[in-house]
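Me: Pick one helix here and take me through it closely, please. I'd like the surroundings first, then the details.

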Amino acid sequence: MLILISALIIMGITYLFIVTEWINKMTAALLGSFIFVLAGIMTQEQAFSYIDWNVVFLLVGMMIVVAILKDTGVFQYVAIKTAKATRGRPIWIMLLLFVMTALISAVLDNVTTVMLLIPVVLLITQELKISPYPYIINITMASNIGGTATLIGDPPNILIGSRTDLTFMQFIYNLVPPVLVVMLISLIMIRIFYRKRIKVSNRDRAKLMEYNERILIKDRKLLRRSLYAICLMLVLFSLQGVLALESATIAMTTALVMLIFSNRKYVEQIVSEVDWVTIFFFMGLFMIVGGLSETGILRTLAHWIVEVTNNDSKLIALTIIWVSGIASALMGCVPVVATMIPVINDVNLAMGGAMENTLWWALALGSCLGGLGTPIGAASNIVAIGIANRNGFRIRFFQFVKYGLIYMTISLVVSSIYIWVRYL
Amino acid sequence: MRLVSLLDAQTIYIEHHETTLVRVYAKLVEKICQHHNLPECCNHLMDLILKREAEGSTTYPSGIAIPHVRLDNLDDTIIGMCVLKKPVVIGDISLKMVILIITDKSSSKLYLNLVATLLKLSRNPAQMSLLMTDNTAHDVIGSFRMMDLVVKEDLTIGDIMTQEPLFVRPESKLSEMGRLMAEHGISVFPVVDEKMRFLGEASVLNYLKVGIPEYLLLMDNLQFLRAFEPLERLIEKETDIQVREIMQNADIVLSPETSIIETVFEMIQHKKRFFSVVQDGKLVGVITAMDIYRRVIRA
């Protein structure tokens with residue numbers, strides 16, 4: 001009992017630090033996990049055994065892929081090309097960038113996508129002399145929504161994919177339909193809401209059309225090779241079930257092949273661009289959640305859920321969508337998913353496999369889309385707001401929440417209906 | 001070492017009459033050549049002094065002239081000194097003392113420290129008026145012994161920095177800073193409050209950055225953008241923006257005691273050609289890489 005209480009206290013303090021960032025996230029997570037070891041709740045060996053190397057290497061691999069791709073200038077190229085393709089009509093820029101961002105985020109990591117696209121969006125909106133706020137917020141939403149569709153698109157999915165034997169194609173097959181519906185609703189909402197509100201002068205539009213985006217592609221050969229490598233990666237991912245390959249193997253192989261293609265002098269630079277702080281944050285989180293499972297509290301929680309819901313599969317699935325969604329909005333989707341995965345494992349066991357994979361889809365939708373709600377819901381929100389703030393476009397916590405909650409509520413309602421209709 | 005140890009009464013004289021700088025030089029050369037066996041002497045030495053003088057004035061606003069010559073095949077430092085009872089006026093400088101230093105080509109550290117000590121002396125009115133009362137070379141030696149001036153063995157930034165540098169205040173407008181940049185050809189200023197407390201630095205790059213928003217800096221390259229209105233219209237913002245909005249905290253400032261080698265090290269390490277010199281939180285000077293080149297390497 002003493003162990004249980006101390007474990008809960010350590011976890012509580014750690015999560016408080018992670019959410020508030022009073023101390024750096026990574027530091028908090030790692031510190032919390034080693035305090036678990038120091039307190040004798042688990043041995044160091046046990047702690048390390050909880051680190052999910054599949055996730056670690058998948059993240060590292062994808063970060064290397066993005067770092068190389070980024071250097072080809074293709075992200076800025078795509079953003080400017082998209083804006084020009086609309087011939088500078090502001091509402092269409094927003095709609096098309098929404099779709100583009102969602103597509104890119106489905107394949108690549110959200111934080112990088114946002115980090116590369118927001119500056120271009122700020123430039124375009126400044127040139128067109130229109131307010132950047134709706135663009136920033138909608139692009140951030142698009143990156144989270146798009147990321148929900150695939151195994152590699154969003155951190156919660158990466159975590160779920162790694163701890164289950166669900167394949168890349170299963171994710172697509174089960175998550176793309178609700179994501180498409182959410183996107184469609186979003187696009188309609190944007191069109192209705194902003195259609196008459198944004199005006200652009202002819203002269204400013206002409207300035208945008210003068211951008212020579214072709215210059216942005218610096219190394220065509222590297223870009224071509226990188227795109228081939230990414231296509232091959234997607235093919236391998238889609239054959240994951242047949243080939244019985246784990247995600248990390250596919251991502252790392254792609255990353256290493258791309259490293260060989262690119263200039264060997266850049267290897268160190270590219271590797272230094274990997275977000276090691278995030279990687280170690282994940283490691284710390286794995287160990288903390290591991291420590292919690294050691295105490296048995298997560299199993300108790302699982303049994304309690306089954307008991308309270310009276311074994312009602314519908315109720316359990318909907319509870320998971322909304323609880324993980326709201327919890328993600330409040331404390332960030334990654335810690336929520338990491339904690340929920342062992343719980344759902346136990347619920348599935350307690351239910352005797354009656355739910356098949358439904359609860360995983362409920363968790364994926366709930367946590368990815370719950371992340372839309374607040375600035376701290378997902379890492380990409382924090383990054384987008386950070387860039388906007390540094391450029392003098394202040395987005396306050398509740399300004400974001402005003403839009404975030406609308407998106408989150410619509411998404412969770414769509415997800416609930418989808419799960420209900422398709423699986424229950 | 002003490003300055004008096006380097007002096008010799010035989011090469012010091014008091015000039016009671018009106019005279020010119022060239023005549024003082026000639027007399028000092030004559031005295032030095034009488035008592036020392038120099039590789040170059042008399043007219044030739046005089047030519048060297050005048051040639052050096054033509055490259056740049058050796059008179060300082062504090063009323064002192066320190067001409068100097070470096071000679072090959074000399075392994076010594078010799079000082080000649082003239083106290084002018086009737087000041088020689090050059091421009092708006094009223095010269096009270098001329099000190100001729102003849103030294104070898106390698107010992108620039110001693111020379112620079114000598115100059116630093118002499119300059120400090122010239123800025124001390126009490127010590128200067130004491131020297132003005134002396135009537136013989138031996139009196140002068142006596143005064144120097146009494147003042148007990150020390151020539152530092154090592155040169156520090158305090159010796160070669162620009163004292164009383166130009167600065168801006170946090171509440172100054174960019175237009176004010178722009179005017180200073182244009183008038184003095186200086187690209188970076190220390191920022192101080194009304195009590196001269198050092199707050200940070202503001203450079204022409206900080207100024208130009210006002211026209212380049214942060215989001216452009218986040219991009220890999222800007223070749224696609226041929227022109228950018230906010231940059232071109234920067235001048236319109238000059239009167240709206242205060243220096244405090246663009247200044248940056250200087251992570252590293254130097255103290256006057258910092259050695260030359262450490263200063264060069266910091267400049268290279270941090271790719272910074274300008275440092276503020278701060279003592280007890282107050283700005284006392286600035287030092288640039290060109291100062292080091294001109295006043296140490298080239299001196």
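Reply: Let's start with the chain around it: 27% of the 299 residues of chain B count as buried, meaning that 20 or more other C-beta atoms, placed from the backbone, lie within 10 Å of a residue's own (exposed is 12 or fewer, partly exposed is in between). Keep in mind that this is a predicted model, where local features need pLDDT of at least 70, side-chain atom pairs count only at pLDDT 80 or more, and totals for chains, interfaces and linings use all residues. As for labels, residues are numbered from 1 along each chain as its sequence is written, while chains are lettered from A and ligands numbered from 1 in the order in which they are written.

Chain B averages a pLDDT (the predictor's confidence in each residue, from 0 to 100) of 88, with 99% of the residues at 70 or above. For the complex, the predictor's scores are an ipTM of 0.70 and a pTM of 0.74.

Chain B has 15 helices and 11 strands, taken as DSSP runs numbered from the N terminus (H or I over at least four residues for helices, E over at least two for strands). Its C-alpha atoms fill a box of roughly 75 × 40 × 35 Å along the principal axes. An automatic or database domain assignment splits chain B into domain 1 (3-153) and domain 2 (162-297), and their C-alpha centres are 38 Å apart. Among contacts in chain B with a separation of 6 or more, 67% join residues 24 or more positions apart; a contact here means C-beta atoms, placed from the backbone, within 7 Å.

Now the helix I'd pick: α8(B), residues 174-184. Leu174(B), Met177(B) and Met181(B) are its buried residues to look at. Those three cover an arc of only 65° around the axis, so they sit on the same side of α8(B); the arc is taken from the directions from the helix axis to the C-beta atoms. Turn to the other side of α8(B) and you'll find Ala182(B) and Glu183(B) exposed.

What sits over the buried residues? The cover includes two strands, β8 (188-192) and β9 (198-203), along with helices α9 (204-209) and α13 (243-246), all of chain B. Just after α8(B) comes Gly185(B), with a positive phi of about 60°.

One last stop is the contact between the chains, which takes 12 residues from chain B and 15 residues from chain A.
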